[in-house]
Amino acid sequence: AMQVGDRVRIKDSVIFYHHPLHRGVAFEAKGMEGEITAILQEWRGRPISANFPFVVSFEVEGAKRPFKAHMRDHELEVI
């Protein structure tokens with residue numbers, strides 16, 4: 001099972017609209033590599049079933065800070 005701190009790669013076709021260098025336009029993110037920074041399993045102490053539970057942080061060259069995306073497990077592979 002994937003855990004916080006794992007390096008991951010996007011293995012499916014995923015479109016982002018919030019990529020820092022391509023804001024507001026469709027950006028194909030397949031192949032991007034990042035790190036799992038959180039796994040959403042509870043909210044205010046109660047278990048939840050998040051549709052996109054993996055929060056992944058991606059370093060982007062030329063961007064001021066990493067950008068984060070919420071991902072599904074089947075979209076990711078550990079590297």
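**Aromatic cluster and salt-bridge network**

Phe-67 is buried, its relative accessible area being 6%, where buried denotes under 20% relative accessible area, exposed over 50%, and partly exposed the range in between, as evaluated with a 1.4 Å probe on protein chains only. The structure is a predicted model, in which local features need pLDDT of at least 70 and side-chain atom pairs count only at pLDDT 80 or more, while totals for chains, interfaces and linings use all residues. Residues are numbered from 1 along each chain as its sequence is written, and side-chain values use heavy atoms, with hydrogens and water left out.

Aromatic pairing was assigned to rings of Phe, Tyr and Trp (the six-membered ring of the latter) with centres within 6.5 Å, planes under 30 degrees apart counting as stacked, over 60 as edge-to-face and the rest as tilted. By this rule the count comes to three aromatic pairs. In one of them, the rings of Phe-16 and Phe-58 have centres 6.1 Å apart and planes at 55°, so the pair is classed as tilted. Phe-16 lies in strand E2 and Phe-58 in strand E7 (residues 54–58), so that this pair ties together parts of the chain 42 residues apart in sequence; strands (E, at least two residues) and helices (H or I, at least four) are DSSP runs numbered from the N terminus. Phe-16 and Phe-58 are both buried. The rings of Phe-16 and Phe-67, in turn, have their centres 5.5 Å apart and their planes at 85°, and the pair is therefore edge-to-face. This second pair also links distant parts of the chain, with Phe-16 in strand E2 and Phe-67 in strand E8 (residues 67–71), 51 residues apart. For Phe-16 the relative accessibility is 6%, which counts as buried. Together, Phe-16, Phe-58 and Phe-67 form one aromatic cluster.

Phe-67 is also among the residues in contact with His-19, which, when neighbours within four places in sequence are left aside, touches Phe-27, Met-32, Val-60 and Phe-67, contact being defined as heavy atoms within 4.5 Å. His-19 is found in the loop between strand E2 (15–16) and strand E3 (27–28), and this histidine is buried, with a relative accessible area of 4%.

Side chains of opposite charge can pair when their charged atoms come close. With a salt bridge defined as a side-chain nitrogen of Lys or Arg within 4 Å of a carboxyl oxygen of Asp or Glu, a search of the whole structure finds three. Glu-33 is bridged to Arg-7, with the closest N and O atoms 3.9 Å apart; this pair joins strand E4 (residues 33–39), which holds Glu-33, to strand E1 (residues 7–10), which holds Arg-7, across a separation of 26 residues. Glu-33 also forms a salt bridge with Arg-9, for which the closest N and O atoms are 3.3 Å apart, and here again strands E1 and E4 are linked, with Arg-9 and Glu-33 24 residues apart. The side chain of Arg-9 further meets that of Glu-77 in a salt bridge of 3.0 Å, N to O, a pair that connects strand E1 with strand E9 (residues 76–78) over 68 residues. Arg-7, Arg-9, Glu-33 and Glu-77 are thus linked in a network of salt bridges.

The members of this network are partly exposed, with relative accessibilities of 40% for Arg-7, 28% for Arg-9, 35% for Glu-33 and 30% for Glu-77.
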